[in-house]
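Ready for some practice in reading a fold? Keep the structure in view and work through each exercise before you look at its solution.

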Amino acid sequence: MKEIIIIGGGAAGFFCASNLDESKYKVTILEQNSDVLQKVKISGGGRCNVSHACFDPKELVRFYPRGNKELLSVFTKFQPGDTMEWFDQRNISLKIENDNRIFPESNSSQTIINTFLSEVQKKNIEVKTKCSVKEIQKQDEKYLVITNSGDFSADYIIYTTGSSPKSLKIVENLGHKIVELVPSLFTFNIKNDLLKDLAGTSFENAEISIPQLKTEESGPLLITHWGLSGPAILKISAWEAIHLARAKYNFEIEVNFISKTLDEAEELFQNFRQGNPKKTIGQSKIFDITNRFWQKVLDVSKVDLNKQVAHISGKEMQSIIENLCKKKFQVTGKSTFKDEFVTAGGIDLKEINFKNMASKILPQFYIAGEVLNIDAVTGGFNFQACWSEAWLIAQDLNALEF
């Protein structure tokens, strides 16, 4: 019986193990932490955002700043619909939420964890925790995996360690090229009077641009204690991860809180003024924003809250509209988005065969998950890449004849 060592007890490692043919292989999972599937546990606020309801591979790859070309063939073989079916066959009901994110019906990541634990138990797969890999040596037809808990011999290695610098160093020593790691999903640290004391205020659809990079994104936006967050910020942080790292997280952004042009906003203002001339500006609901934010905009625009709308000068109106539609902020740092901590960088994709996720450098060595230079925006996409890649590895190994 051939021996497989899976290094890394996360999403990709467990999904691969769950799909391997146990009559052909003796499989061992080595995990350096005391718990397996830690990212699965905290994902989606502890509910586990399993995948995303996007069933066309060409559409799906658009959510991956790095790896989109390579993943197209992968997703034609296993995509979110297959993930749903896989769990369904194991009597785990998944649901698609309004924003197309997919979660277990139970709203608990433990459901997903238990499914994987039960699969590997059924297949008699040994899971060794607190087992930290120090080195991998190629020996003739086999590999020697040296760990703090002794040495392991393997015919095949499946490398699904996540993106820790230590695990990348191990494969670099074996000959793989590593693209430097930079954070990919993060929030923007901003100190500005307009945001002060408004943590928790959200906007359903805002537009964010980084003028120096000629890039823009739109989507929900959230004011936090540190600055700005929400899907619009996370998306732009993922797509521009490498450029923003080079800028040392110091750059200017422009925010349109209401997704309206200056002309459209002015027209709304003028129409409101005609219909409600005597209303005080502080009590006027002209735009779709919270009352607290509106009053802060007026304060920053130096407009008296008690002034009647009819008496607002053209200059005051312009100031209000600019603060709503073209507000510039200086970003002075980043905060990691803890539930979805993701990095750009990792093993160079040119060195991977995406038909089966095998290394082109090392024989009988497969690689999947975040250790690769692949990452996605938030919403279940990073997990889907893990499931799809891991499934390809299992199919390839299951098809081998001995």
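**Exercise 1.** In which sense do strand β3 and strand β5 pair, and over how many bridges?

*Solution.* Keep in mind that this is a predicted model. Start by finding β3 at residues 51-52 and β5 at residues 101-104. The two strands pair in the antiparallel sense, over 2 bridges. To check one of them, look at His52, whose bridge partner in β5 is Arg101. Now turn to strand β4, residues 94-96, which runs antiparallel to β5 and is joined to it by 3 bridges. Here Leu94 stands opposite Pro104 of β5. Finally, follow the chain from β4 to β5: they form a hairpin with 4 residues between them. In that turn, Asn100 has a positive phi of about 75 degrees.

**Exercise 2.** Find the open sheet of β7, β8 and β9; which strands stand at its edges, and why is one side of each left without a neighbour?

*Solution.* First write down the strand order, β7-β8-β9, with antiparallel pairing. The edges are β7 (133-139) and β9 (150-154); each has a single partner strand, so one side of each lacks a neighbour in the sheet. From one strand to the next, the twist averages 20 degrees. Next, count the bridges between β7 and β8 (residues 142-147): there are 6. In one pair, Ile136 has Val145 of β8 as its bridge partner.

**Exercise 3.** Which residues have the most contacts inside the largest nonpolar core?

*Solution.* This core has 84 residues, and the answer is Ile136, Ile157, Tyr159 and Phe365. Helix α13 (residues 381-398) gives the most to the core, with 10 residues. Then zoom in on Tyr159: its contacts include Ile136, Phe365 and Val371.

Technical notes. Residues are numbered from 1 along each chain as its sequence is written. This is a predicted model: local features need pLDDT of at least 70, side-chain atom pairs count only at pLDDT 80 or more; totals for chains, interfaces and linings use all residues. Side-chain values use heavy atoms; hydrogens and water are left out. A nonpolar core is a set of buried Ala, Val, Leu, Ile, Met, Phe, Trp, Tyr and Cys residues joined through side-chain atoms within 4.5 Å. Buried means under 20% relative accessible area, exposed over 50%, partly exposed in between (1.4 Å probe, protein chains only). Contact means heavy atoms within 4.5 Å. Two strands pair if DSSP finds at least two bridges between them. Axes are lines fitted to C-alpha atoms, for helices over the stretch in contact, and angles run from 0 to 180 degrees between N-to-C directions. Lists of a residue's contacts leave out its neighbours within four places in sequence.
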